[in-house]
Amino acid sequence: MSQDIEYDIIVVGAGVVGCTAAAALGRDGRKVLLIERDWSEPDRIVGELLQPGGVKALKELGLDWTLDGIDGIIHDGYVVYQNPEDHVLLKYPTDRGVSQGIAFHHGKFIMNLRKAARQAPNVTTLEATVTALATDETDKVVGVSVSTKTEPGAEPVLSTIYAPLTLVVDGCFSKFRKDLSPNKVTISSHFVGMVLKNCNLPYKHHGHVILCKPSPVLLYQIGTDDTRILMDVPGKMPTGGELKTYLKDTIGPQLPKSVQPSFYEAIESERLRSMPNQWLPSAMNKQEGVILLGDANNMRHPLTGGGMTVAFWDVVHLRDHLHPKIIPTFQNSNTLVRSQMVKLHRKRKELSSVINVLAQALYSLFSANDQPLMMELQKGCFGYFQLGGRCASTPVGLLAGLRPEPLTLFNHFFLVALYASYTMTTSGPIYMVPYNIVKSILVLWTACVVILPVIWTEIRA
Ligand SMILES: Cc1cc2nc3c(=O)[nH]c(=O)nc-3n(C[C@H](O)[C@H](O)[C@H](O)COP(=O)(O)OP(=O)(O)OC[C@H]3O[C@@H](n4cnc5c(N)ncnc54)[C@H](O)[C@@H]3O)c2cc1C
């Protein structure tokens, strides 16, 4: 096969990972081709709150300027509402280098990331849809097939572009994942989102988590006048009018009073959008000539807003593991690239496993609905945060992506379960003690059922 090789690496998808990876690799002297099917400003309900850990990764990549000039709103932490009267304020820790997150319109941020990729040395961009991965007779990926539209209405032009390495980062609905990862996507629920205009949030500069029934609602300000609301809808999504009625009658009354006017107004005037909340354990990159990263390779429930933080640290690790001092050229370097990917897979887990396990476990607790043992765990978790000090700052540090410490997460999760058991055993009249002891053992068991399968999947993947 005759192949014109112009590039060291092809990047499929100019989203969160693709843009930052292209910029980082281009700066390291690699010739990068960044392919995106649509370069216009995306309009999506995803990726709008960047945790402090993600800000730290962008600084590490020298790309934190992409957070400037997008009307972003600084965030100092979260407030969790158990009910309209009872809430707890959780500040990001201040001893981890970066202590603030930032929220923005996703599209504005992506346009800055794309600018960063375009401005980086050695990066060429192309508007085209990647239709297939090109492979040689040994099944090694040697490039991509693309379909390019030269002008509106014209027939697309099909061609193949070759490179020794291809980075596939085509997002949550990845077309190529099925060929590269043995793992399957699980959909736990949907987030229904809309923008609230001039919403009066109880706490400025804080993400709001409302423990509604049947499952949680998120609120965070993403621009001077705009606040994003994401409402988790478990099970089958109601359609059209049914959905509006559900939101008005079930969700609205559970929101803080100050939020309700803009909420009911938005239901009538704003477009309701929905996205599936997916879980996908990561897979080791084993196939020659190709690397799979970002949502294409690993997803968790977006409740904790950790996706971009994982993504940016993945790019830091990718840059470091592919550094020209380690791999001077990608040509004929398959064995070296593969062994570096094994190391990257282990390295990334320090943070990704914390974010993934926390997201899945918190979602189970926060969507307890009326399951009695889960409700006890939820109450225990809320009470644990209310203790303050390290009981609040360490879990928030984990959620913020500032503590890549899986053992710390494990310890705090079981401290929450023990706290829930303790408060249950010691509450109520004395004759209830034997009953409460049995119930508290069941709560501990429930905690194991929540967290151990997720941990096992993380260890195995
Ligand atoms: C409802 C929801 C809310 C979320 N909220 C947050 C949040 O607040 N904070 C947070 O950190 N994370 C959040 N996330 C997760 C976050 O959005 C993702 O983790 C992140 O966007 C993943 O980046 P990516 O680069 O893998 O994919 P994307 O950013 O989706 O980029 C993929 C790119 O590939 C392009 N593409 C796809 N197929 C092709 C093709 N065949 N050819 C060419 N181009 C192609 C797409 O057009 C796109 O530009 C949320 C997720 C969901 C579902």
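In what order do the three strands of the open sheet with antiparallel pairing stand? The legends below belong to close-up views of a predicted model, and the view of this sheet comes at the start.

**View A. Three strands make an open sheet in the order β3-β7-β4.** The pairing in this sheet is antiparallel, and its edge strands are β3, which covers residues 49-50, and β4, which covers residues 73-75, each of them pairing on one side only. Strand β7, made of residues 101-103, is joined to β3 by two bridges, and these two strands run antiparallel. For one residue pair to look for in this view, start at L50, whose bridge partner in β7 is I102. As general background, the strands of a sheet pair through backbone hydrogen bonds, and they may do so in a parallel or an antiparallel way.

**View B. An open sheet of seven strands follows the order β6-β5-β14-β15-β16-β13-β17.** The pairing in this sheet is mixed, and the strands at its edges, β6 (86-91) and β17, each pair on one side only. When direction is ignored, neighbouring strands of this sheet are turned against each other by 20° on average. Strand β13, which consists of residues 186-197, is joined by nine bridges to strand β16, which consists of residues 226-234, and the two run antiparallel. Within this pairing, K197 has D226 of β16 as its bridge partner.

**View C. Two loops hold backbone details that can be picked out residue by residue.** In the loop between β13 and β14 lies N198, which has a positive phi of about 45° although this residue is not a glycine. In the loop between β14 (206-210) and β15 (217-221) lies P214, and the peptide bond that joins K213 to P214 is cis, with an omega of about 10°.

**View D. The ligand is surrounded by 31 residues.** The closest of these residues are E36, R44, L49, D295 and M308. Three views of the backbone can be added to this picture, since a backbone N or O atom of V16 lies 3.2 Å from an oxygen atom of the ligand, while for E48 such a backbone atom lies 3.3 Å from a ligand oxygen, and for G307 the corresponding distance is 3.4 Å. Taken alone, the ligand exposes 1,000 Å², and the protein buries 93% of that area. Two or more residues of the shell come from each of the elements α1 (16-27), β9 (129-135), β17 (273-279) and α7 (307-321). By residue type, the shell divides into 15 nonpolar, nine polar and seven charged residues.

**View E. The domain assignment of the protein chain gives three domains: domain 1, domain 2 and domain 3.** Domain 1 is made up of the segments 9-41, 54-66, 106-183 and 280-355, whereas domain 2 spans 186-278 and domain 3 spans 368-460. Where does the ligand lie with respect to domain 1 and domain 2? Both domain 1 and domain 2 give residues to the shell around the ligand, and therefore the ligand lies between these two domains. Looking further along the chain, the C-alpha centres of domain 2 and domain 3 lie 27 Å apart.

Methods
Residues numbered from 1 in each chain as written. Predicted model: local features only at pLDDT ≥ 70, side-chain atom pairs only at ≥ 80, totals over all residues. Heavy atoms only, no water. Near = heavy atom within 4 Å. Polar contact = N/O pair within 3.5 Å; in protein donor to acceptor, adjacent residues only side chain to side chain. Areas by Shrake-Rupley, 256 points an atom, 1.4 Å probe, with all protein chains shown as cover. Helix = DSSP H or I, 4+ residues; strand = E, 2+ residues; numbered from the N terminus. Nonpolar A, V, L, I, M, F, W, Y, C, P; charged D, E, K, R; others polar. Domains from an automatic or database assignment. Pairing = 2+ DSSP bridges. Axes fitted to C-alpha atoms, helices over the stretch in contact; angles between N-to-C directions.
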